[in-house]
Amino acid sequence: MPSVLASNKQGQSSLWRFAISGDLPIVVLTIEDAAHLEVLRQLLRAQDFWRRHGVVADVVAIVGSKEAGQVAQRALVNTAMTLVSSTDAIAMVGKSGGVFLLAAADVPEFDSVLLQSVARVVMHARDGWPSLPAGAPVAARTPSILAAVGASETWPMPSLPVTSGLLPSKIKANLLFANGLGGFSANGSEYVVTSRPGCMTPLPWINVLANPSFGTLVSESGSASTWSENAQQFRLTPWSNDPVSDPNTEAFYIRDEDSGQFWSPTLQPSASTDASAGEHVARHGFGYSVFEHTAHGIESTLTTFVAIDAPVKFVLLQLHNVSGRARRLSVTGYVEWVLGEARRTSAMHVGTALDACGALFACNAYNTDFTGYTAFFDGHAEGAGSTARSQCCDRLAFLGQHGSLRAPAGMLQTRLSGSVGYGLDPCAAIRLPVDLAAGLTQFFVFRLGAGSTADEARKFVRGTEGLTSAREALAAVRRHWDHTLGAVKVKTPDQSLDIMVNGWLVYQTLSCRLWARTAFYQSSGAFGFRDQLQDVMALVHAAPELVREHLLRSAARQFSEGDVQHWWHPPSGSGLRTRCSDDYLWLPLATARYLQVTGDIRVLDQPVPLVEAPALRRSEVSSYGKPVTSIESKSLYAHCVLAIEHSLRTGAHGLPLMESGDWNDGMNLVGVEGRGESVWLAFFLYGVLMQFVDVAGQQGDALMVERCRTEAERLREAIERSGWDGDWYRRAWFDDGSPLGTSGNAECSIDSVAQSWAVLSGAADPQRARQAMAAVDRLLVDREAGLVRLLAPPFDHSSPSPGYIQGYVRGVRENGGQYTHAAVWSAMAFAALGEQSRAWEIFDMLNPVRHALSARAVATYQVEPYVVAGDVYAVAPHMGRGGWTWYTGSAGWLYRFAVESLLGLDVKAGVLSLAPHMPEDWNTFQLTYRFGATNYDIKVSRASDASTGPPCVTLDGIVMANAAISLVDDRRNHAVEVRIAARQVMDSLNAPA
């Protein structure tokens with residue numbers, strides 16, 4: 001009953017005291033008299049039938065009457081148990097998918113409300129076993145689509161002048177790196193996709209629009225998914241992960257009120273059938289997406305974006321009447337509510353209402369992590385009254401019996417039903433009618449958002465109302481991204497590099513990885529300890545304040561033992577504690593990186609509390625839970641020291657223990673018993689220790705300085721003693737003492753990360769490092785396919801098994817495909833060795849723009865060419881196909897590779913220097929670096945003579961003695977010239993060290 005649903009204030013965890021998980025459908029049966037026990041027998045027979053046909057459910061029988069005496073109640077419970085004992089259900093008493101007998105006296109009223117609220121079926125034994133007369137029809141709550149159409153099913157549509165097709169063709173002519181489906185705008189700040197039914201992108205090409213606590217995904221077809229606070233645990237609308245159908249659950253419609261014809265301003269869900277309709281144009285930009293289309297004499301422009309400072313998504317729809325006559329139109333906006341993780345579990349608990357502020361509200365008390373949160377959907381036509389507006393919160397009423405968003409019954413009704421409340425299939429739909437004279441334009445503004453309380457939701461509704469508010473919010477979004485992405489700007493002979501460096505790589509890293517933590521192929525919502533620490537290292541120039549903030553956020557997830565949560569969900573802090581052996585080391589490394597660039601030594605003294613939870617038992621490799629904040633706090637510096645101390649546990653070869661996986665989570669069985677060792681981790685730890693020497697020195701901690709150096713030297717010796725395989729470095733040792741990543745292995749004889757970090761850490765013998773990278777070039781760089789494999793040959797039947805990596809298809813993701821994260825490390829290693837031609841060659845392989853230069857290339861690569869893919873398939877028949885896009889840490893690393901390794905930008909505590917590795921066919925490039933409010937415009941050029949040696953640097957015409965610039969924030973523009981030697985001497989991989 002709706003009243004019961006509305007009165008429930010408890011969540012799933014409250015079921016656990018009855019040993020009911022809440023993960024399965026529940027049928028509740030109340031039994032007040034022994035005469036009605038036959039209904040229980042029938043229900044148990046039905047449950048057995050369901051189970052045999054694959055439907056598993058919990059049966060909860062509440063036995064007795066609270067008015068009856070205690071003796072009578074217990075007698076009835078015993079009788080019910082005797083009945084259960086006579087059936088096969090006795091084996092499932094108190095078990096998941098079984099039967100639970102509860103005495104009514106033990107079920108308080110609030111728990112009775114909870115059980116009825118979560119039940120898919122509530123039965124009362126006094127009513128007998130339900131039956132339906134043979135042939136009785138099932139009444140529909142709303143008319144069917146055909147019934148809704150009635151006599152107007154074949155509404156005529158008057159002929160209109162053909163006005164479409166011109167804009168898309170003009171757009172195509174001006175696109176950079178056009179491939180037939182899309183290309184970049186002239187300045188690279190937008191990716192423009194043109195499509196029509198039957199001619200679409202191979203997979204959804206999306207944009208991620210987010211602020212720190214709210215966001216939305218939107219594809220080129222107009223499908224979307226919106227969340228608040230946590231993209232997995234508090235989705236406002238559904239997330240699909242369905243690249244085939246890319247289903248809409250947020251939809252908008254335009255309807256001609258005279259003819260009844262309706263269509264969507266986006267390609268989906270309801271493309272126009274107008275033969276004269278133009279192509280659909282989608283423009284993904286930084287913080288917004290725009291959809292343009294012309295059909296039935298109406299030009300439409302739909303702009304969607306998320307406010308930079310509020311949990312509000314705007315949809316601004318502009319209609320321009322080019323039909324040559326007055327039109328009566330309406331616009332309908334529709335969203336499906338989730339207010340949890342998935343509709344299938346949350347929809348039954350969502351209640352809706354038309355609030356006094358005019359917005360449609362929705363809440364879900366069953367989601368106890370977000371108790372009190374209130375979502376809202378509102379819309380209005382600018383300059384038009386609200387009296388003609390209609391709304392509906394019943395999905396069945398809007399879609400109709402067997403209906404869909406392509407042709408919903410609600411679009412064939414004059415007004416929406418007005419249904420709101422509990423017990424509905426929850427949605428929110430708003431219809432706004434207007435009269436539009438020929439040649440005029442009308443604006444509609446829709447807003448979707450959430451507040452932590454109903455009052456806060458009302459504040460956001462009232463504070464963002466109107467076209468002016470929408471335009472101001474969009475302007476703020478544009479200002480934010482213009483400023484953030486303007487910290488480093490380059491102009492080089494490679495326009496594709498400029499496009500990625502000047503916008504898309506940093507945008508992907510910040511909007512998706514740090515803020516949204518979700519994308520089309522994964523919806524995490526959580527912070528990964530190692531993940532976002534790596535991401536923010538790429539933001540030290542663009543957003544140093546966010547780097548500082550995240551260092552402190554991450555330190556607050558460390559346990560007193562020194563290990564950390566592998567990942568955790570905000571805002572609750574629930575997450576996974578594991579034995580992953582590298583997580584905690586990214587904290588001191590990221591801290592060192594931040595200090596190196598900013599010189600902000602004060603952050604080291606910032607107190608940060610620890611968290612507390614039971615330590616993992618010897619037999620446990622992970623544990624999910626919600627740790628408590630400790631009363632003990634440590635400075636950020638002390639947190640870093642604790643992480644390093646925790647890492648200094650070694651095995652038989654003197655190398656760090658791998659435990660349940662290092663950077664490669666898929667190798668989770670290599671050291672799970674506590675004896676396996678990681679060569680990659682040894683290199684990585686060496687690099688962390690050497691980076692932390694400077695941090696400890698700045699703190700005046702001489703003992704830590706000496707310890708870091710001593711431990712680093714011990715590691716270096718152990719690596720050279722045991723890690724070298726003769727032509728490259730091994731990857732690891734299993735618990736049983738057998739090696740991994742050796743020429744003797746039939747599978748994974750070489751792994752790139754051990755070789756690249758041999759160089760990047762500075763730990764390896766120089767000659768061996770070159771030899772190891774020569775092996776990477778020979779065995780893992782596939783020039784024909786244009787990719788760099790993580791390892792080779794892939795795992796298949798290895799024994800001992802390295803872990804779940806072996807379950808991936810050979811040549812896919814970590815199992816021998818290109819894992820772009822590691823491929824960037826390889827490229828950085830080539831650059832560090834001075835192998836500029838190889839480094840630039842691999843940059844071109846990794847640059848997504850280069851994967852979609854033609855229709856044929858798009859058909860192979862398939863995914864978005866404006867953001868980095870986390871992996872590329874390296875197996876036929878999918879060779880070269882892009883995998884997981886957007887939500888990948890490789891974006892931040894590719895940015896650092898381009899800006900630091902190739903273009904040579906280096907900033908240390910306010911001192912800027914450049915040591916670029918220019919390709920042979922470049923003579924010059926430009927770079928603008930913003931320091932505070934001051935721009936340094938840098939021109940790098942190659943000397944015209946045959947000189948060699950270090951660069952010559954001038955600042956405002958004055959030669960800098962150290963070829964470096966001390967940055968000063970004086971709010972003036974400064975001109976810098978850097979002249980490098982005409983011939984950069986580069987060593988061959990095979991040359992002697």
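This note goes through selected sheets, helices and buried residues of a predicted model.

1. The parallel sheet. Four strands make up an open sheet with parallel pairing, and their order is β3-β2-β1-β4. The edges are taken by β3 (99-103) and β4 (121-124); each has a single partner strand, so one side of each is left without a neighbour in the sheet. Ignoring direction, neighbouring strands of this sheet are turned by 20° against each other on average.

2. Pairing and packing in the parallel sheet. Strand β1 (residues 26-31) runs parallel to strand β2 (residues 58-63), and six bridges join them. One of the paired positions is I31, whose bridge partner in β2 is V63. Helix α3 (residues 70-85) packs on this sheet and touches β1, β2 and β3. The direction of α3 makes about 165° with that of β3.

3. The antiparallel sheet. A second open sheet has 10 strands in the order β5-β6-β12-β13-β14-β15-β22-β19-β18-β17, and its pairing is antiparallel. Its edge strands, β5 (182-184) and β17 (351-354), each pair on one side only. From one strand to the next, the twist averages 15°.

4. One end of the antiparallel sheet. Three bridges connect β5 with strand β6 (residues 190-195), and the two run antiparallel. Here F184 has Y191 of β6 as its bridge partner. Helix α11 (residues 495-516) lies across β5, β6 and β12 (280-285), and runs at about 85° to β12.

5. A buried aspartate. Which residues does D535 contact, leaving aside its neighbours within four places in sequence? They are T509, R513 and G889. D535 itself belongs to helix α12 (residues 529-537). Its relative accessible area is 1%, and the cut-off for a buried residue is under 20%, so D535 counts as buried.

6. Helix α13. This helix covers residues 544-555, 12 residues in total. From its first C-alpha to its last it reaches 17 Å, close to the 16 Å expected at 1.5 Å a residue. Its buried residues are L546, V547, H550, L551, L552, S554 and A555.

7. Helix α14. The 13 residues of α14 (residues 586-598) should span 18 Å at 1.5 Å a residue, and the end C-alpha atoms are indeed 18 Å apart. Because 11 of these 13 residues are buried, the helix is largely enclosed by the rest of the structure. The buried set consists of W586, L587, P588, L589, A590, T591, A592, R593, Y594, L595 and V597. Just after α14 comes G599, which has a positive phi of about 70°.

8. The pair α18 and α19. Two packed helices are described by the angle between their axes and the distance between the axes. For helix α18 (residues 752-760) and helix α19 (residues 766-779), the axes come within 9 Å and cross at roughly 145°. The crossing of α18 past α19 is left-handed. On the α18 side the contact is made by S752, Q755, S756 and V759, and on the α19 side by A769, A772, M773 and V776. Of the residues in this contact, five are nonpolar, three are polar and none is charged.

9. Helix α20. With 13 residues (820-832), α20 should span 18 Å at 1.5 Å a residue, which agrees with the 18 Å between its end C-alpha atoms. The helix is mostly covered, as 12 of its 13 residues are buried. Among them are H821, W825, M828 and F830. Just after α20, G834 adopts a positive phi of about 85°.

10. Strand β46. How are the side chains arranged along β46 (residues 974-980)? They alternate: H974, V976, V978 and I980 point to one face and are buried, whereas A975, E977 and R979 point to the other face and are not buried.

11. The partners of β46. Strands of a sheet pair through backbone hydrogen bonds, either parallel or antiparallel. Strand β42 (residues 934-942) pairs with β46 in the parallel sense over seven bridges, with K939 opposite E977. Strand β43 (residues 952-955) pairs with β46 in the antiparallel sense over four bridges, and T954 has E977 as its bridge partner. The residue E977 thus has a place in the pairing with K939 and in the pairing with T954.

Key. Residues numbered from 1 in each chain as written. Predicted model: local features only at pLDDT ≥ 70, side-chain atom pairs only at ≥ 80, totals over all residues. Heavy atoms only, no water. Expected span 1.5 Å × (residues − 1). Buried < 20%, exposed > 50% of the residue type's maximum accessible area, 1.4 Å probe, protein only. Pairing = 2+ DSSP bridges. Axes fitted to C-alpha atoms, helices over the stretch in contact; angles between N-to-C directions. Contact = heavy atoms within 4.5 Å. Left-handed = near helix turned anticlockwise from the far one by under 90°. Nonpolar A, V, L, I, M, F, W, Y, C, P; charged D, E, K, R; others polar.
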